Amino acid sequence: MTAENCLFCKIVAGDLPSESVFESETTFAFKDINPAAPLHVLVVPRRHIEDASVVTAADGPVLADMLMAARAVADAAGLATPQRGYRLIFNIGPDSMNSVPHLHLHVLGGEPLKGHFGIA
Ligand code: AMP
Ligand code: ZN
């Protein structure tokens with residue numbers, strides 16, 4: 001299901017370019033265009049979900065797939081735990097500066113990240 005005029009639905013469909021780093025049946029992961037860390041990848045569900053605040057129990061499997069995709073991306077970048085690690089972020093709504101209304105998990109890492117919650 002593709003939402004009309006959704007930037008990330010268009011990226012998943014291949015109608016807009018992206019630098020894909022991982023794909024699964026239910027997820028798509030690509031490099032953030034404006035990276036905030038040496039590794040900054042967005043993991044999105046192929047199916048349009050507005051944001052993390054509208055997720056229901058029925059979305060459980062795709063959420064697990066997103067977390068496993070994030071781990072695959074981080075592991076491939078050499079950031080596997082317990083030695084390295086990474087940060088996963090969901091932004092929701094204006095106070096978080098969420099800018100694209102298609103659920104996306106930020107995968108950040110590749111250096112010691114500043115600020116425990118990424119707000120400083
Ligand atoms: P958020 O602020 O949580 O909504 O995150 C949206 C992210 O999407 C930002 O980090 C942007 O840099 C990123 N972004 C916007 N457009 C593109 C694009 N065409 N390709 C890759 N990343 C994008
Ligand atoms: Zn979408």
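**View 1. Strands E1 and E2 of this predicted model run antiparallel and are joined by 3 bridges.** The model shown in every view is predicted. Strand E1 covers residues 20-23. Strand E2 covers residues 27-31. A hairpin of 3 residues links E1 to E2. Across this pair, glutamate 23 faces phenylalanine 28 of E2.

**View 2. E2 also pairs with E3, again in an antiparallel arrangement.** Here 5 bridges hold the two strands together. Strand E3 spans residues 39-45. Threonine 27 sits opposite proline 45 in E3. How many residues of E2 are buried? The count is 4 of 5, so E2 is largely enclosed by the rest of the structure.

**View 3. The largest nonpolar core gathers 16 residues.** Leu39, Val41, Val43, Met66 and Val107 have the most contacts inside this core. Three elements give two or more residues each: strand E3 (39-45), helix H2 (60-76) and strand E5 (105-109). Which element gives the most? Helix H2 does, with 7 residues. Another core lies apart from this one. That other core has 10 residues, including Phe8, Cys9, Ile11 and Val44. In soluble globular proteins, nonpolar side chains tend to be buried together.

**View 4. Valine 43 is one of the residues with the most contacts inside the largest core.** What does valine 43 touch, beyond residues up to four places away in sequence? Thr27, Phe28 and Ala29 are among its partners. Met66, Ala69 and Ala70 also touch valine 43. Leu103, His104, Leu105 and Val107 complete the list.

**View 5. Leucine 105 lies in strand E5.** Is leucine 105 buried or exposed? Its relative accessibility is 1%, so leucine 105 counts as buried. Setting aside neighbours within four places in sequence, leucine 105 contacts Val41, Leu42 and Val43. Met66, Leu67 and Ala70 are also in contact with leucine 105. So are Leu88, Ile89 and Phe90. Proline 94 is 11 residues from leucine 105 in sequence. In space, the C-alpha atoms of leucine 105 and proline 94 are 16 Å apart.

**View 6. Phenylalanine 90 sits in the loop between E4 and E5.** With a relative accessible area of 31%, phenylalanine 90 is partly exposed. The range for this class runs between 20% and 50%. Leaving out neighbours within four places in sequence, phenylalanine 90 contacts Ala52, Leu63 and Met66. Leu103, His104 and Leu105 are in contact with phenylalanine 90 as well. Valine 107 is 17 residues from phenylalanine 90 in sequence. Their C-alpha atoms are 9.5 Å apart in space.

**View 7. The largest pocket holds about 840 Å³ of space.** Its lining has 34 residues. Which of them are closest to the centre of the pocket? They are Asp32, Ala36, His40, Asn91 and His106. Helix H1 (7-13), strand E2 (27-31), E3, strand E4 (86-89) and E5 each supply at least two lining residues. H1 gives the largest share, 3 residues. By class, the lining of this pocket comprises 19 nonpolar, 9 polar and 6 charged residues.

**View 8. The second largest pocket has a volume of about 180 Å³.** Which elements give two or more residues to its lining? They are strand E1 (20-23), E3 and H2. Val21, Phe22, Lys31, Asp32, Pro35 and Pro38 belong to this lining. So do Leu39, His40, Val41, Ala72, Val73 and Ala76. By class, the lining of the second largest pocket splits into 9 nonpolar, 1 polar and 2 charged residues.

**View 9. Glutamate 111 lies in the segment after E5.** At 33% relative accessibility, glutamate 111 counts as partly exposed. What does glutamate 111 touch, apart from residues up to four places away in sequence? Its partners are Pro38 and Arg84. Pro38 also lines the second largest pocket. Alanine 37 is 74 residues from glutamate 111 in sequence. The distance between their C-alpha atoms is 7.3 Å.

Methods
Residues are numbered from 1 along each chain as its sequence is written. Chains are lettered from A and ligands numbered from 1 in the order in which they are written. This is a predicted model: local features need pLDDT of at least 70, side-chain atom pairs count only at pLDDT 80 or more; totals for chains, interfaces and linings use all residues. Side-chain values use heavy atoms; hydrogens and water are left out. A nonpolar core is a set of buried Ala, Val, Leu, Ile, Met, Phe, Trp, Tyr and Cys residues joined through side-chain atoms within 4.5 Å. Buried means under 20% relative accessible area, exposed over 50%, partly exposed in between (1.4 Å probe, protein chains only). Contact means heavy atoms within 4.5 Å. On a 1 Å grid over the protein atoms alone, a cavity is a set of points where a 1.4 Å probe fits but cannot get out, and a pocket is an open set with protein on both sides within 12 Å along at least five of seven lines; lining residues have an atom within 4 Å of a point. Grid points are joined across faces, edges and corners, and a volume is the space filled by probe spheres set on the points. Ala, Val, Leu, Ile, Met, Phe, Trp, Tyr, Cys and Pro count as nonpolar, Asp, Glu, Lys and Arg as charged, and the others, Gly among them, as polar. Two strands pair if DSSP finds at least two bridges between them.
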